[in-house]
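Got your viewer open? Load the model, switch on a cartoon view, and keep the selection box handy.

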Amino acid sequence: MAKPAHFSTKDRILGAAEELFALHGFAGTSLRQVTSQADVNIAAVNYHFGSKENLVNEVFRRRMDEMTRVRLAQLERARSDHPGQLRPVLAAFVEPALAMAQDRQSGGAFVRVIARAYAEKNDTLRKFLSDHYGHVLRAFGKAIAECVPGLSKEELYWRLDFLAGSLTYAMADFGLIKRPAGVTEAAHRANAAHELIHFAEAGFRAAARDSAVPASIDSTQ
């Protein structure tokens with residue numbers, strides 16, 4: 001059965017916005033550009049999203065809700081099936097994100113949108129991501145702490161921050177290691193996941209610092 005027209009319109013707007021945000025950033029993309037690329041009028045954007053701010057949020061929600069669901073389900077299985085083991089917890093964080101990035105149709109542009117979110121200072125977007133997805137990092141932080149109880153909360157979140165940054169870099173495939181000829185995209189991403197999990201495990205298991213400089217823990221953590 002064909003989807004109702006309003007769903008098709010909403011999806012076209014989200015797809016156009018995602019592509020344009022990836023190319024030009026949030027501030028550099030106008031609603032007029034979005035409506036032109038999606039072949040809709042401004043009334044359609046207002047009807048479905050109400051504002052550009054909400055449109056930005058929904059571009060993230062469309063991809064991150066599913067990734068969050070998969071991550072948390074895999075984390076629950078890791079804690080149940082492999083209690084106290086760090087590697088399965090890290091795999092639950094890394095693998096769903098790289099799987100999304102591997103899907104060029106659904107994830108390619110969004111990876112660049114994530115990079116824009118890191119690069120641009122957008123307090124409203126930051127608050128949206130903290131409010132809706134901060135619980136994911138907290139859940140992983142708690143699970144990792146159970147596996148490496150010797151780390152202070154500050155050290156734990158520094159290292160989780162570094163893992164998140166490394167994962168974003170791996171998702172974007174900016175690194176020195178390029179997919180060799182004859183190796184499938186899936187195999188290349190699986191190898192990236194293996195190497196990143198191995199690297200992160202060593203980082204989390206590294207000895208705690210002798211002394212720590214106090215630092216605030218961001219609300220997104």
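Here is a walk through some helices, rings and charged pairs, one selection at a time. Keep in mind that this is a predicted model.

**Stop 1: helix α5**

Select residues 86-102, which make up helix α5. At 1.5 Å a residue, its 17 residues should span 24 Å, and the end C-alpha atoms are indeed 24 Å apart, so expectation and model agree. Now look along the helix for a kink: α5 bends by about 30 degrees at A92. A proline, P96, follows within four residues of that bend. Turn on the surroundings too: 13 of the 17 residues of α5 are buried, so the helix is largely enclosed by the rest of the structure.

**Stop 2: R71, an arginine without a partner**

Next, pick R71, which you'll find in helix α4, residues 52-81. Does R71 count as buried or exposed? It's buried, yet R71 makes no salt bridge. The nearest side chain of opposite charge belongs to E95, and that is 10 Å away. So what is R71 in contact with, leaving aside its neighbours within four places in sequence? Show A92, F93, P96, A97, V136, F140 and L167 as sticks and you have the set. Two of these names should ring a bell from the previous stop: A92, where α5 bends, and P96, the proline that follows.

**Stop 3: the phenylalanines**

Time for some rings. The whole structure holds six aromatic pairs. For one of them, select F26 and F60: this pair is tilted, 6.1 Å centre to centre with 40 degrees between the planes. The pair ties together distant parts of the chain, since F26 sits in the loop between α1 (5-24) and α2 (31-38) while F60 is in helix α4, 34 residues apart. Both F26 and F60 are buried. Add F21 and F110 to the selection, and together with F26 and F60 you're looking at one aromatic cluster.

**Stop 4: salt bridges along α4**

Over to the charges. How many salt bridges does a search of the whole structure find? The count is nine. Start with E58 and R61, whose side chains meet with 2.9 Å from N to O. Both lie in helix α4, three residues apart, about one turn of the helix. E58 is partly exposed at 22% relative accessible area, and R61 is partly exposed at 26%.

Then move along to E66 and R69, another salt bridge, with the closest N and O atoms 2.7 Å apart. These two are also in helix α4, and because they are three residues apart, about one helical turn separates them. E66 is partly exposed at 41%, as is R69 at 49%. Why does this spacing suit a pair? An α-helix has 3.6 residues a turn, so residues three or four places apart point the same way.

**Stop 5: one more bridge, and a network**

Jump to helix α7, residues 123-147, and select K127 and D131. They form a salt bridge, with 2.7 Å between the closest N and O atoms. The two are four residues apart, which means about one helical turn. D131 counts as partly exposed at 49% relative accessibility, whereas K127 is exposed at 53%. Finish the charges by selecting E18, R62 and R63, which are joined into one network by salt bridges that share partners.

**Last stop: helix α9**

Finally, select residues 185-205, helix α9. Its 21 residues should span 30 Å at 1.5 Å a residue, and the end C-alpha atoms are 30 Å apart, so this one agrees as well. Colour the buried positions of α9, among them H188, R189, L196, I197 and F204.

Technical notes. Residues numbered from 1 in each chain as written. Predicted model: local features only at pLDDT ≥ 70, side-chain atom pairs only at ≥ 80, totals over all residues. Heavy atoms only, no water. Expected span 1.5 Å × (residues − 1). Buried < 20%, exposed > 50% of the residue type's maximum accessible area, 1.4 Å probe, protein only. Lys, Arg positive; Asp, Glu negative; His and termini not counted. Salt bridge = Lys/Arg side-chain N within 4 Å of Asp/Glu carboxyl O. Contact = heavy atoms within 4.5 Å. Bend = angle between axes of the 7 residues up to and from the residue. Phe/Tyr/Trp six-rings, centres within 6.5 Å; stacked < 30°, edge-to-face > 60°.
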